[in-house]
Amino acid sequence: MNKHPIFPLSRPTLLTFLFLVTSHLSFLTSFAQADPPLRIELESAKDQQDYKFFSLGNQGVAVFYQSAILSLDTAQWVFIHYDTNLVRTDLYKLKIPNLCQYLAADFSNNKLYLFLQKPAFKKDTIRNYLLEWNITTNGFQLFDLQNYKHPYLSSIKVADDYLFMTVNDPKARSIIYYNYKNHTKQAIQFSDDEIISIESFCVDTVLKKTSFCMFLENKQGSRAEFFTTDYSGRITAQAPLPFHPNVIYNSTRISLVGKDSLLLSGGYSNSKDKKSKGSYTGIYTLLLVKNKFSDINTYPFGALLNNESTLNRHFSEPNVTMNAYIRQSNGHVFAITELFYPEYQYNSSSSYGGYRYYGYEPPTQTFAGFRFVHAYILEFDAQGLLLNDWIFPINNVLTQSLYNLVNLNQDKENNTLMYYVYGNEITSQFVNGKHVLTAQAAIPVELLSKADYIEYSSNQSMRHWYDNTFLLAGYQYIKNSQRGKKRYVFFLNKLMCE
C-alpha cells in the first residue's frame, strides 16, 4: 500500500487480470482484460443466497455450498479453492450428512474449520460437526461432536485439537471448550451469576491460553469481569474491570498487543451525564500486563461534538445515536463510531392526516430506515494512547438494517484506508495521520461486461484480504443490455489499493 490513489480510480496498463466465470460445477470461459479488479461469478437461483466463502489470506479464498441431495441421509457439498488471482485451483465434492447448516468458520495453521449443524428431525437429536480442510494437503476430515448437543452458536476458534465455541444466545450464554479428538468438554458457567453478555474471546497460541470478558449480574448488581483460562477451560485468573466513578462499561473488546499483554477497549457511559443523545459517552482503553490493569484512559465524544459544526448539526436532530465497534490493524487498535438517526416517511395522502367517512384518520408513518451521516474513527497505539482521530462522511446511506458499515485497514507505513460499500459503489479515503492523501471518492463495483448493469444488490461486504488487496463479495441481479439476458449471481471481486 503506498501513497497513491486508492482502488482502481485510474486504469493502469501494466496490470492484467483474468475474469473467471463458473457455474455451480463447471468451468465456462476465461479471458484477459487490462483493468482491475478480478472477478468471479457463480450463478444461483433467483434470490437464493446459498454460497459461503472464507478468506485464506495469501493462500487464496475458499467458496463452499450444498449442491445436491443424494439421499435422505446424505447431501453433496462442493468446496472450491481459488488462488490470489481468483483462478480456480481445486474443486472437491464431499458427502455431508443431509440437512446440515453452516454456522461458523475459522482458519489457522493452513487449515479451514467449518462448524456444521444438523437440526433435530423427528426422533433424531441435534448433531454438530467440525469439518477440517487442510489447504496444504487438500485433505478433509469430518468430526462428529458427539458430546455437544446445543443448538446455539455465535462464533468459533480452533487451536491444536481444541474447538472454542462462544454461545451468546439469550437462553444459553456460555463458552464451550471442546477437544474434538477425544470429546472432552468444559463449559464456562456460573451458579450465582447470570451471564448478560460475552464481550470478547481471544486465543493466545504462543502462551496457549484464552482470555475473555463477561458482563455478569447477581442480586448485588452487575459488573464486567475479565477471565483467563488454559485450553481445557480451567480458569487460571479472573478480575473485575477496575472501578472508576461515573464510568459504566458498555462493551469490551480484547486485543492481543504483545507477549502477555492485552488491550481492553470499548464504549462507556458516564452515569452523571444522563444524556439522551448517543449510546456512548466515549471510548475507553485499559492495558493488561501480566494480569495487572493499568490506569484507564477515557476519550469522551463531547469535545468532538463541540468543535465540529457538521456533527453538531446532525446531533440536533431527534433520536441521533452512535454505534461503536473495535478492530485491529498494523498492531494498532481502532474504534469506529457511526452516527445515525431513524428516518421516517409518511405514506398517507396528507402528512397532517385527514377526515374519512368514518372520522379523522391520523397520519401514518412507515419506517424507511436508519440514515448514517458520519463515522468518527479513533486510532490507539498498543498502550491504549490516542494517536489520531478522523471524521469520515457517510453519504446517502439509508438502510433498515443497523450494521457496522465503515471499515478500515492500515499498512506498515501507517497509511490508513477507510471505506464502506453501499448499493453498487465503494466509497473510500486514504490518510496518514492527520495528512489526507486522497479526497473521499466513490467508484462503481466492476462487472464482467460494459453492457452489464445491476438491477439490485444484497448482502455485500468488503474486507481486507492480504497485503494491499481487498475482497468484495455479495449477490447481484444483473441484466445485459446487449444480450437481453438476466442472471442472479454470487460474486467475488479482487480490488487493489494503490
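Which backbone nitrogen lies 2.9 Å from a polar atom of the side chain of Asp-381? In this predicted model, the backbone nitrogen in question belongs to Leu-385.

**Asp-381**

Asp-381 sits in the loop that runs between strand S30 (365–380) and strand S31 (386–399). The residue is buried but has no salt bridge. Lys-434 is the nearest side chain of opposite charge, and it is 15 Å away. A salt bridge would need a side-chain nitrogen of Lys or Arg within 4 Å of a carboxyl oxygen, so Lys-434 at 15 Å does not qualify as a partner for Asp-381. The side chain of Asp-381 does have a polar atom 2.9 Å from the backbone nitrogen of Leu-385. When neighbours within four places in sequence are set aside, the contacts of Asp-381 are Leu-263, His-332 and Leu-387.

**The sheet S8-S9-S10-S11**

Strands S8, S9, S10 and S11 make up an open sheet of four strands in that order, with antiparallel pairing. S8 and strand S11 (139–144) are the edge strands, each pairing on one side only. On average, and with direction ignored, neighbouring strands of this sheet are turned by 20 degrees against each other. Strands of a sheet pair through backbone hydrogen bonds, in either a parallel or an antiparallel manner.

Within the sheet, strand S9 (residues 111–118) pairs with strand S10 (residues 127–134) over eight bridges in the antiparallel sense. Leu-112 has Trp-133 of S10 as its bridge partner.

Lys-118 also belongs to strand S9. Lys-118 has a relative accessible area of 15%, and it counts as buried because that value is under 20%. Residues up to four places away in sequence not being counted, Lys-118 touches Asn-98, Leu-99, Cys-100, Ile-126, Arg-127 and Tyr-129. One of these contacts, Leu-99, lies in the loop between strand S7 (88–97) and strand S8 (101–108).

**Residues with positive phi**

Leu-99 and Asn-459 are listed below with their backbone angle, location and accessibility.

| Residue | Phi | Location | Relative accessible area |
|---|---|---|---|
| Leu-99 | about 75 degrees | loop between S7 and S8 | 40%, partly exposed |
| Asn-459 | about 50 degrees | strand S37 (residues 452–466) | 55%, exposed |

Leu-99 has its positive phi although it is not a glycine, and the same description applies to Asn-459. Leu-99 is placed in a loop, whereas Asn-459 is found within a strand. Asn-459 is classed as exposed because its relative accessible area of 55% is over 50%.

**Strands S13, S14 and S15**

Strand S14 (residues 172–179) is mostly covered, with six of its eight residues buried. S14 pairs with strand S13 (residues 162–169) in the antiparallel sense over eight bridges, and Phe-164 has Tyr-177 of S14 as its bridge partner. The hairpin that joins S13 to S14 passes through two residues.

S14 also pairs with strand S15 (residues 185–188), again in the antiparallel sense, over four bridges. In this pairing Tyr-178 stands opposite Lys-185 of S15. The hairpin formed by S14 and S15 has five residues between the strands. His-183, in that turn, has a positive phi of about 65 degrees.

Note on methods
Residues are numbered from 1 along each chain as its sequence is written. This is a predicted model: local features need pLDDT of at least 70, side-chain atom pairs count only at pLDDT 80 or more; totals for chains, interfaces and linings use all residues. Side-chain values use heavy atoms; hydrogens and water are left out. Buried means under 20% relative accessible area, exposed over 50%, partly exposed in between (1.4 Å probe, protein chains only). Two strands pair if DSSP finds at least two bridges between them. Axes are lines fitted to C-alpha atoms, for helices over the stretch in contact, and angles run from 0 to 180 degrees between N-to-C directions. Contact means heavy atoms within 4.5 Å. Lys and Arg count as positive and Asp and Glu as negative; His and the chain ends are not counted. A polar contact is a pair of N or O atoms within 3.5 Å; within protein, one must be able to donate a hydrogen and the other to accept it, and residues adjacent in sequence count only if both atoms are side-chain atoms.
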